[in-house]
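Colleague: I'd like a close look at one part of this model, the surface that faces one of the DNA strands. Could you walk me through it, and then carry on to whatever connects with it?

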Protein chains: 2
Amino acid sequence: MHDHSAVHDHGACCGNATDALARAERLCADRDLQFTRLRRDVLEAVATESKPLGAYDIAERLSGQGRRVAAVSVYRALDFLTENGLVHRIASRNAFVSCGHQHGDGVGLVFLICRTCGSIDETTSPEVDDQLDKTLAKAGFKPSSRILEVEGECGACLGHEPSP
Amino acid sequence: MHDHSAVHDHGACCGNATDALARAERLCADRDLQFTRLRRDVLEAVATESKPLGAYDIAERLSGQGRRVAAVSVYRALDFLTENGLVHRIASRNAFVSCGHQHGDGVGLVFLICRTCGSIDETTSPEVDDQLDKTLAKAGFKPSSRILEVEGECGACLGHEPSP
DNA sequence: GATGCGATGTTACAGTGTATCAGCACCAGA
DNA sequence: TCTGGTGCTGATACACTGTAACATCGCATC
């Protein structure tokens, strides 16, 4: 997989929907889990959008043409997808993005949320993880999960509108 | 102020309500802001509890005996308090804690949320900040705010119930 | 007194998330 | 084949979180 820490074009890169769906299918087969239509559709909706989607947005997108998907169902699908690392929840936005990486379970993710274009990029940093581990150890705290979200301006938007 | 990265007793330490109120009063005087009764009461409610409080919890605590505080008012007070760094919002819980530190504006905070006792501790780590800055710079991302919350078990709970 | 301003009160409503029960598909075992 | 269990989905209802809009009040200033 190519370098994710560089500025790149969302949707045209590794994080697109087809790849995400293929990975999900493989993962569910491996773990003997059901990759149902609803779960597939929810993942597809999230993966085709670089912006984070709310559960109700997803429900709306999947509804229509005689099909009605209630938010409850979307939440259940999202629970499944997040438990299996296929989708991440953005706590600061109450929204969800598809996972663009194929990373181990123990890796700490960093989400970069652009205030201008609303897109979300996902990266990892072993150095940050290390320092954080040290800090937690010093505090006598045993971590089980962490949330690291940064808001600001992404490289693309900085390029388009150079700071005044 | 003493070392916050060590295990310590909440409520009996520097983070207690009296200190928080005194600091708030000073800060508002300095900045020529109004430290009204509502704002004071909201801050006091949050500061007397080491667990994060929801806005509706606060509203409930402040209501009674002929006084009714609506959640809206609490939100406005919380907006004021967070803008001035007196209270922090815990994104992963949709809840608020009073700031136990007297730190500069640009410092990145780390929140340690204990799954067992529900208490929240607050620390800083220049090393994590540095590494994170490097990671962001490498990604061409210009940060304006960050959220770093860790869930796990605090030292006190680890001591009480040694891991099986 | 009149005016303007910020803070609060009040109502209404939008958005987010969960509880609960019912139906349905599918599989295993009698 | 029938039957019961399990897991997924549908549907309704509801609780929690947060905001919009407007009225009111107190206070400073003119």
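How do the residues of the surface near DNA strand C divide into nonpolar, polar and charged?

Modeller: Keep in mind that this is a predicted model. The surface near DNA strand C splits into five nonpolar, four polar and five charged residues. There are 14 residues around that strand, and the ones that come nearest are A:Y56, A:Y75, A:R89, B:T36 and B:R76. As for what the protein sees of the DNA, 45% of the strand C atoms within 4 Å of it are sugar or phosphate, and the rest belong to bases.

Chain A shows both kinds of approach. On the base side, the side chain of A:Y56 has an N or O atom 3.0 Å from a base nitrogen of DNA strand C. On the backbone side, a polar side-chain atom of A:Y75 sits 2.9 Å from a phosphate oxygen of strand C, and one of A:R89 is 2.7 Å from a phosphate oxygen of strand C. The elements giving two or more residues to this surface are α4 (71-83) of chain A, plus α2 (37-47) and α4 (71-83) of chain B.

Now swap over to DNA strand D. Of the 14 residues around it, A:T36, A:R76, B:Y56, B:Y75 and B:R89 come nearest. Sugar and phosphate make up 46% of the strand D atoms that come within 4 Å of the protein. Bases of strand D are reached from both chains: a polar side-chain atom of A:R76 lies 2.7 Å from a base nitrogen, and one of B:Y56 lies 3.1 Å from a base nitrogen. B:R89 goes for the backbone, with a polar side-chain atom 2.6 Å from a phosphate oxygen of strand D. Here α2 (37-47) and α4 of chain A, along with α4 of chain B, each supply at least two residues. The split for the strand D surface is five nonpolar, four polar and five charged.

That leaves the way the two protein chains meet. Chain A puts 38 residues in contact with 37 of chain B, and together they bury about 3,100 Å², 62% of it on carbon and sulfur atoms. A:F141, A:K142 and A:I147 supply 18% of the area chain A buries there, more than any other three residues. Between the chains I count zero salt bridges, but 16 residue pairs in polar contact. β5(A) gives the largest share of chain A's side, 12 residues. That side divides into 17 nonpolar, 13 polar and eight charged residues. β5(A) also pairs antiparallel with strand β5 (residues 142-153) of chain B over 11 bridges; in that pairing, A:P143 has B:G152 as its bridge partner.

Key
Residues are numbered from 1 along each chain as its sequence is written. Chains are lettered from A and ligands numbered from 1 in the order in which they are written. This is a predicted model: local features need pLDDT of at least 70, side-chain atom pairs count only at pLDDT 80 or more; totals for chains, interfaces and linings use all residues. Side-chain values use heavy atoms; hydrogens and water are left out. A residue is near a molecule or strand if one of its heavy atoms lies within 4 Å of it. A polar contact is a pair of N or O atoms within 3.5 Å; within protein, one must be able to donate a hydrogen and the other to accept it, and residues adjacent in sequence count only if both atoms are side-chain atoms. Helices (H or I, at least four residues) and strands (E, at least two) are DSSP runs, numbered from the N terminus. Ala, Val, Leu, Ile, Met, Phe, Trp, Tyr, Cys and Pro count as nonpolar, Asp, Glu, Lys and Arg as charged, and the others, Gly among them, as polar. Contact means heavy atoms within 4.5 Å. Buried area is the accessible area (1.4 Å probe) that two parts lose on being put together, summed over both. A salt bridge is a side-chain nitrogen of Lys or Arg within 4 Å of a carboxyl oxygen of Asp or Glu. Two strands pair if DSSP finds at least two bridges between them.
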